[in-house]
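Reader: Could you walk me through how to read a structure like this one? I would like to start with the general idea each time and then see the case at hand.

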Amino acid sequence: MLRIFKIYRPNQVARYVKSYFRGRIFIMGVGGFEFDSGRLLPPKSGDLKALNVLTEVNKEIQILSGIVM
């Protein structure tokens with residue numbers, strides 16, 4: 001299943017990824033991502049904006065999990 005986020009909100013994306021554990025998402029203006037094991041995987045394109053989103057969402061997932069590194 002593909003979830004489309006019309007507005008990028010890191011906390012909302014992190015809650016979705018953490019709760020569904022595996023799947024695909026699309027964020028308008030950023031691009032598509034796959035996630036597995038409750039974490040976003042690096043996109044196939046090396047777009048800097050997409051990599052920043054990846055890092056930000058994965059940090060939010062760590063915060064939600066209570067594991068802060």
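Author: We will go through the sheet, the core, the surface and a few single residues in turn. Please keep in mind that this is a predicted model.

Reader: Let us begin with the sheet. How many strands does the open sheet have, and in what order?

Author: Strands of a sheet pair through backbone hydrogen bonds, and they may do so in a parallel or an antiparallel way. Here an open sheet is built from four strands in the order 1-2-3-4, and the pairing is mixed. Strand 1 and strand 4 stand at the edges with a single partner strand each, so one side of each has no neighbour in the sheet.

Reader: Which sense of pairing do strand 1 and strand 2 have, parallel or antiparallel?

Author: Strand 1, residues 2-5, pairs with strand 2, residues 23-27, in the parallel sense, and four bridges connect them. To find your place, look for R3, which stands opposite I25 in strand 2. Between these two strands the chain passes through helix 1 (residues 10-20), and this β-α-β crossover is right-handed.

Reader: And what joins strand 3 to strand 4?

Author: Strand 3 and strand 4 run antiparallel and are joined by two bridges. A helpful landmark is F35, found opposite L40 in strand 4.

Reader: Now the inside. Which residues have the most contacts within the largest nonpolar core?

Author: In soluble globular proteins, nonpolar side chains tend to be buried together. The largest nonpolar core in this model has 16 residues, and those with the most contacts inside it are V13, V17, I25, I27, F33, L40 and V57. Two or more residues come from each of helix 1, strand 2, strand 3 (31-36) and helix 2 (48-65). Helix 2 gives the most, with five residues.

Reader: Which residues form a nonpolar patch on the surface?

Author: L2, I4, F26 and M28 form that patch, and together they have about 360 Å² of accessible area. Take I4 as an example: this residue lies in strand 1. I4 counts as partly exposed because its relative accessibility is 44%, and that class covers values between 20% and 50%.

Reader: What about charges? Which residue forms a salt bridge with D36?

Author: Side chains of opposite charge can pair when their charged atoms come close. The structure holds one salt bridge. D36 forms it with R22, and their closest N and O atoms are 3.0 Å apart. The pair links distant parts of the chain, 14 residues apart: D36 belongs to strand 3, and R22 to the loop between helix 1 and strand 2.

Reader: Are these two partners buried or exposed?

Author: D36 is partly exposed, with a relative accessible area of 26%. R22 counts as exposed, at 60% relative accessibility.

Reader: One last feature, the backbone angles. What is the phi of F21?

Author: Most residues other than glycine have a negative phi. F21 has a phi near 70°, a positive value in a residue other than glycine. You will find F21 in the loop between helix 1 and strand 2, and it is partly exposed, with a relative accessible area of 48%.

Reader: Where is S37, and what is its phi?

Author: S37 sits in the loop between strand 3 and strand 4 (39-40). Its phi is near 60°, again a positive value in a residue other than glycine. S37 is partly exposed, with 47% relative accessible area.

Methods
Residues numbered from 1 in each chain as written. Predicted model: local features only at pLDDT ≥ 70, side-chain atom pairs only at ≥ 80, totals over all residues. Heavy atoms only, no water. Pairing = 2+ DSSP bridges. Right-handed = clockwise from strand over helix to strand, strands pointing away. Patch = residues over 30% accessible without salt bridge, like charges linked within 9 Å, V, L, I, M, F, W, Y side chains within 5 Å. Areas by Shrake-Rupley, 256 points an atom, 1.4 Å probe, with all protein chains shown as cover. Salt bridge = Lys/Arg side-chain N within 4 Å of Asp/Glu carboxyl O. Buried < 20%, exposed > 50% of the residue type's maximum accessible area, 1.4 Å probe, protein only. Core = buried A, V, L, I, M, F, W, Y, C linked by side-chain atoms within 4.5 Å.
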